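Please open the model in your viewer and keep the selection tool at hand, since this tour moves from one selection to the next and says what is there at each stop.

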Amino acid sequence: GLADGFAFAFFVLAIAYADISVVTPIVASTAVVAVVLGRLILKEKTTLLQKIGIGLVIAAVVLLANIA
């Protein structure tokens with residue numbers, strides 16, 4: 001829908017200004033946003049494996065951002 005259109009437009013804008021090797025992992029980390037919002041809004045429980053995954057994704061995005 002409309003949100004997908006905005007998401008795609010911002011993705012194209014992002015790759016115009018930054019390396020795609022940095023933009024793509026950030027875009028792919030949207031699953032982390034879903035888990036965190038589920039935890040905050042819906043009070044869902046997060047497993048240890050999910051917490052480890054979130055930490056690894058955040059670490060990877062930070063490392064890639066520092067490389068570029």
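Select Lys 43, which follows helix 3 in this predicted model, and look at its backbone, where phi is positive, near 60 degrees. From there, extend the selection back over helix 3 itself, residues 30-41, a run of twelve residues that reaches 16 Å from its first C-alpha to its last, which is close to the 16 Å expected at 1.5 Å a residue.

Next, select Ser 29, whose place is in the loop between helix 2 and helix 3. Is Ser 29 buried or exposed? Ser 29 has a relative accessible area of 14% and is therefore buried, the cut-off for that word being under 20%. To see what Ser 29 touches, leave aside its neighbours within four places in sequence, and add Val 57 and Val 61 to the selection, as Ser 29 is in contact with both of these residues.

Now select helix 1, residues 2-17, together with helix 2, residues 20-28, and turn the view until both axes can be followed, for these axes come within 8 Å and cross at roughly 150 degrees. Because of that angle, helix 1 is roughly antiparallel to helix 2, and helix 1 passes helix 2 in a right-handed crossing.

Finally, show the side chains where these two helices meet: helix 1 contributes Phe 11, Ala 14 and Ile 15 to the contact, while helix 2 contributes Ile 20, Val 23 and Val 27. Colouring the residues of this contact by character gives six nonpolar, no polar and no charged.

Definitions and conventions
Residues are numbered from 1 along each chain as its sequence is written. This is a predicted model: local features need pLDDT of at least 70, side-chain atom pairs count only at pLDDT 80 or more; totals for chains, interfaces and linings use all residues. Side-chain values use heavy atoms; hydrogens and water are left out. Axes are lines fitted to C-alpha atoms, for helices over the stretch in contact, and angles run from 0 to 180 degrees between N-to-C directions. Helices (H or I, at least four residues) and strands (E, at least two) are DSSP runs, numbered from the N terminus. Angles under 35 degrees count as roughly parallel, over 145 as roughly antiparallel, 65 to 115 as roughly perpendicular and the rest as oblique. A crossing is left-handed if the near helix is turned anticlockwise from the far one by less than a right angle, and right-handed if clockwise. Contact means heavy atoms within 4.5 Å. Ala, Val, Leu, Ile, Met, Phe, Trp, Tyr, Cys and Pro count as nonpolar, Asp, Glu, Lys and Arg as charged, and the others, Gly among them, as polar. The expected span of a helix is 1.5 Å times one less than its number of residues. Buried means under 20% relative accessible area, exposed over 50%, partly exposed in between (1.4 Å probe, protein chains only).
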